Amino acid sequence: MVSVVYHPDYLTYCFGPEHPFSPVRLEMLWTLLEALGCTPTPIRPPEATRKEVLRVHAEDYVARVEAASRGESMPDAEAFGLDTPDVPVFPDMDRAARILVGGTLHGARLIADGRATTVLQLGGGFHHAHPARASGFCVYNDLSIAIRALTDAGLRVAYIDIDVHHGDGVQAIHYREDTVLTISLHETGQYLFPGTGFIDEIGEGRGQGFSLNVPLQPFTDDESYLEVFERVVPHALVMFRPDVLVVQCGADAHFQDPLADLLLSTRAYEQLFRRLKALADEHTGGRALFTLGGGYDFDATVRVWALLYLVLQDRPLPERLPLGWRIEWEQRLERPLSPTLHDTARPLTLSPERRRQIAQQNLHTARRLMDTLAYYWY
């Protein structure tokens, strides 16, 4: 049985009704699980303490977040990534962020202490936050704080990030470490925020060879994505020999997402989640911590995360979504929703030649990355 971590106060992490990173996604997900008759009995985590946040973040940055949360004027806020369009300040932001950090951290401790094997944190995934600045809707980096707790417990951590945006904050925090392997599959930074995540970003010092990036071409489809995943991730895990996986499950590589250009379907996400679960069984005895992440089309994101929950819990997948749930949310959102768990709409159709070109470019990237990895590991 997969342990589920969730707190109703996760919904307080809210940048405002017009901001794309909306707590409505979590509310929709929870009510969908209820409507499907598979509501989890969640573990309610404690909020992370200031000391725990400081295991990753700088004192002067945390002090700025606290001051902003109290409504104090800060002339240098933007230097710390705060009070920007991506990370607008809101009351009690520090506490809202620490609650979500606490969930991911608690999940890590359950695994480290042997109280759980696989944990799903129904929130978190703030992979853009850096030690001294907020970025990309992320205030505190819950993932790295959890990873730090796992490495403090003597565990080797493989971090796998399938969000469409490069996990730059997690990479930067662990860039000189050899007990953390970071693997990020994302749309290339040539075209997409945060403009990083190229194959030459491989780590420094002791961490050289322990940062792996797979920058994918815009309009990458299911077949190409899954091919590249298989070329890179299983082999990297064989070489690294992790004790635990930490997986950021952003849903924004879906073809409906408005902030990016990959073309994954829910079928591909189902395969990814099943594969990640199998890789955890194969390499870590099932020890894995899964979090959520990005995802900005409500319809697609909630269905992807429902798939994550159902796959991890070994539950059957319903074909259709509960009618009452769909009607309620269509009225609230004032837009139609998919009637089925898997996509009914189709992604953008490319010509066969363009699909081949994209697949060849992605395969070339994967081969170059694995050649680089072999150089440092053999």
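**Exercise 1. Classify Glu-334 as buried or exposed, and state what is unusual in its backbone.**

Step 1. Take the accessibility. Glu-334 has 72% relative accessibility, so it counts as exposed. The classes are buried (under 20% relative accessible area), exposed (over 50%) and partly exposed (in between), with a 1.4 Å probe and protein chains only.

Step 2. Place the residue. Glu-334 sits in the loop between helix H10 (323-333) and helix H11 (352-377). Helices (H or I, at least four residues) and strands (E, at least two) are DSSP runs, numbered from the N terminus.

Step 3. Read phi. For Glu-334 phi is near 60°, a positive value in a residue other than glycine. Most residues other than glycine have a negative phi, and most peptide bonds are trans.

A note on the source: this is a predicted model, where local features need pLDDT of at least 70, side-chain atom pairs count only at pLDDT 80 or more, and totals for chains, interfaces and linings use all residues. Residues are numbered from 1 along each chain as its sequence is written, and side-chain values use heavy atoms, with hydrogens and water left out.

**Exercise 2. Work through the backbone of Phe-219, Pro-194 and Gly-154.**

Step 1. Phe-219 has phi near 70°, a positive value in a residue other than glycine. Phe-219 lies in the loop between S5 and helix H7 (222-240). Its 30% relative accessibility makes Phe-219 partly exposed.

Step 2. Phe-193 and Pro-194 are joined by a cis peptide bond, with omega about 5°. Pro-194 belongs to the loop between strand S4 (180-187) and strand S5 (211-216).

Step 3. Gly-154 comes just after H5 and takes a positive phi of about 85°.

**Exercise 3. Explain why H5 is described as largely enclosed.**

Step 1. Count. Ten of the eleven residues of H5 are buried, so the rest of the structure largely encloses this helix.

Step 2. Identify them. The buried residues of H5 include Asp-142, Ile-145, Arg-148 and Thr-151.

Step 3. Look at the loop between strand S2 (118-121) and helix H5 (142-152), where Ala-129 lies. Ala-129 counts as buried because its relative accessibility is 0%. Not counting residues up to four places away in sequence, Ala-129 touches His-57, Ser-135, Cys-138, Val-139, Tyr-140, Asn-141, Gly-169 and Ile-173. Contact means heavy atoms within 4.5 Å.

**Exercise 4. Set sequence separation against C-alpha distance for His-7 and Thr-118.**

Step 1. His-7 is in the loop between strand S1 (3-5) and helix H1 (24-35). At 16% relative accessibility, His-7 is classed as buried.

Step 2. His-7 and Ile-43 stand 36 residues apart in sequence and 7.8 Å apart in space, C-alpha to C-alpha. Neighbours within four places in sequence aside, His-7 contacts Arg-44, Pro-45 and Ile-99.

Step 3. Thr-118 is part of strand S2. With 16% relative accessibility, Thr-118 is buried. Thr-118 and Leu-310 are 192 residues apart in sequence and 13 Å apart in space, C-alpha to C-alpha.

Step 4. List the contacts of Thr-118, not counting residues up to four places away in sequence: Val-2, Ser-3, Gly-286, Ala-288 and Phe-290.

**Exercise 5. Describe how H8 and H9 pack.**

Step 1. Two packed helices are described by the angle between their axes and the distance between the axes. The axes of helix H8 (residues 266-284) and helix H9 (residues 298-312) come within 9 Å and cross at roughly 35°. Axes are lines fitted to C-alpha atoms, for helices over the stretch in contact, and angles run from 0 to 180 degrees between N-to-C directions.

Step 2. The H8 and H9 crossing is right-handed. That label applies if the near helix is turned clockwise from the far one by less than a right angle, and left-handed if anticlockwise.

Step 3. On the H8 side, Thr-266, Tyr-269, Glu-270, Phe-273, Arg-274 and Lys-277 take part. They meet Arg-303, Val-304, Leu-307, Leu-308, Val-311 and Leu-312 in H9.

Step 4. Sorted by class, the residues of this contact are seven nonpolar, one polar and four charged. Ala, Val, Leu, Ile, Met, Phe, Trp, Tyr, Cys and Pro count as nonpolar, Asp, Glu, Lys and Arg as charged, and the others, Gly among them, as polar.
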